[in-house]
Amino acid sequence: MALTALTQDTLTSLPGEVAVPSYDRSGLTAGIVHFGVGGFHRAHQAMYLDRLMNDGKARDWAVCGVGVLPGDARMRDALAAQDGLYTLVLKHPDGTREARVIGSIVDYLFAPDDPRAVIEKMADPAVRIVSLTVTEGGYNIDPVTGEFDPRTPAIRADAAPGAVPATVFGLVTEALRLRRERGIPPFTIMSCDNIQGNGDVAHRTFTAFARLADPALAAWIETEVAFPNSMVDRITPVTTDEERESVARLSGVRDAWPVVCEPFTQWVLEDRFTAGRPPFEEAGVQVVADVEPYELMKLRLLNAGHQALCYFGHLSGHRYVHEAARDPAIAAFVRGYMDAEATPTLRPVPGVDLDAYKSTLIERFSNPEVRDTIARLCAESSDRIPKWLLPVVREQLARGGEVTRSAAVVAAWARYAEGVDERGEPITVVDRLSDELTAIARSQRERPAAFIENRALFGDLADDKRFAEPYLRALDSLHTRGAHVTVEELARHGERR
């Protein structure tokens, strides 16, 4: 029997265990334009807004999503068929599930269809925030210098006189130009990506892009537009067909793109906005003056901790995160990295017990119901490692601290990037630099330092023996003894200290 699609009209047919919006969605207006409507945005920012709306608040802060990449057409079609609705399912470790239909997204524009419509939407005075989850690689920054890279073809095309914008930079900057020209106050640009100082990064990159074509506009953006920093946290795996079928059984309707996630969620947001904001703190967001202690905690413990787990996990034969997290050697190695190398680089975090936080992270990684894949964590490593792990390495080297485990994580990435596992099975390396990285990695049995000599990613780290020597030891062990023996040895490293 064919199922009816999830739409505004079918909400009343859902069973009682599936919560639905208690508010009249017809009266919502979009105050936020969001680029990058993927699983994380829908499990996080859109969910917080839905909480507010269920309390009768933030009715003028609904979301108009925007897609820029060709693959975003799928999200356009899914949300259009469902009136912007989707099911969010929280998966608890004991197997219980909580399902809620989220209603805070009221429109979706696919920029390649009509770039001008996207620009005019952002130029609307009702829109006061433009938010972003465009991934770590979406800011077009050089991994070594941390500065905006103006040389990429898409950026050069968007900066050309009379260009029709095709990138997030071109679209947003053109909307700001129109607002300035029309005497409309600018919107806030709010990054929700996993980058240290994400607001500061957005500030640098958007003003750098504007400077390419219109220095006067860049100066106006520099002084008039707010770019708050934020820390966002919720493990949200890729939606599978199995999850779609599970949601259909639970709700009795067909949801083309539900979202599943862990119960834990956290959002720490700097209170710096150009034209107002929703009362986020009333939905559980921590609105603070300084986000940095929280974001460093999350990026260097959770995100870099995921990298410490994923390569050794895959090479040891695990395919799900919870399997690797429940492997005693891998769990001990990850915790050793957190304690001995990441924690010394952190500032005190107000209201947070770091030991308890780290224990909670291992518990979250171990949740078997989330079924987060190791492949997801291994993807786009060339964007993730330089932003999450290498800052730990550099700070530890500067203070004379330990980097043994961090160097081993990089070695495990280099071994993974060879594209073949220990049983001779192929590894699909998902990375914007996959061809280049795999070619380098496959040369490292003859030139062991080849991977870290890639200065575009690692700068001068290969020249520092304190990093290079433990890296080479770990890589040699991975080649000669295998991943699990290597990680067992590294897990015992702390016991000998």
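How many of the 5 residues of strand E11 (residues 266-270) are buried? The count is 5 of 5, so to speak a mostly covered strand. Keep in mind for every view below that this is a predicted model.

**View 1. Strand E11 is covered on both faces.** Here we zoom in on residues 266-270. Gln266, Val268 and Glu270 sit on one side, Trp267 and Leu269 sit on the other, and all of them are buried. That split fits the usual pattern: in a regular strand, side chains alternate between the two faces of the sheet.

**View 2. E11 pairs with strands E9 and E12.** With strand E9 (residues 230-233), E11 pairs in the antiparallel sense, over 4 bridges. With strand E12 (residues 286-288), E11 runs parallel, and 3 bridges join the two. Val268 is a handy residue to centre on: Met231 is its bridge partner in the pairing with E9, and Gln286 in E12 stands opposite Val268 too.

**View 3. E9 is covered on both faces as well.** Ser230 and Val232 take one side of E9, while Met231 and Asp233 take the other. All four are buried.

**View 4. Helix H9 and what covers it.** In H9 (residues 241-251), the buried residues are Glu243, Arg244, Ser246, Val247, Ala248 and Ser251. What lies over them? The cover includes helix H3 (73-81) plus strands E1 (18-19), E4 (86-91), E5 (97-102) and E10 (259-261). Just after the helix comes Gly252, with a positive phi near 80 degrees.

**View 5. The largest nonpolar core, seen around Phe451.** This core has 79 residues, and the members touching the most others are Phe365, Phe451 and Tyr471. Helix H10 (residues 292-315) is the top contributor, giving 13 residues. Which residues does Phe451 contact, once neighbours within four places in sequence are left aside? They are Trp413, Ala414, Ala417, Leu437, Ile440, Ala441, Gln444, Phe458 and Tyr471.

**View 6. Another core, apart from the largest one.** This second set holds 43 residues. Among them are Met122, Val127, Val130 and Leu132.

Key:
Residues numbered from 1 in each chain as written. Predicted model: local features only at pLDDT ≥ 70, side-chain atom pairs only at ≥ 80, totals over all residues. Heavy atoms only, no water. Buried < 20%, exposed > 50% of the residue type's maximum accessible area, 1.4 Å probe, protein only. Pairing = 2+ DSSP bridges. Core = buried A, V, L, I, M, F, W, Y, C linked by side-chain atoms within 4.5 Å. Contact = heavy atoms within 4.5 Å.
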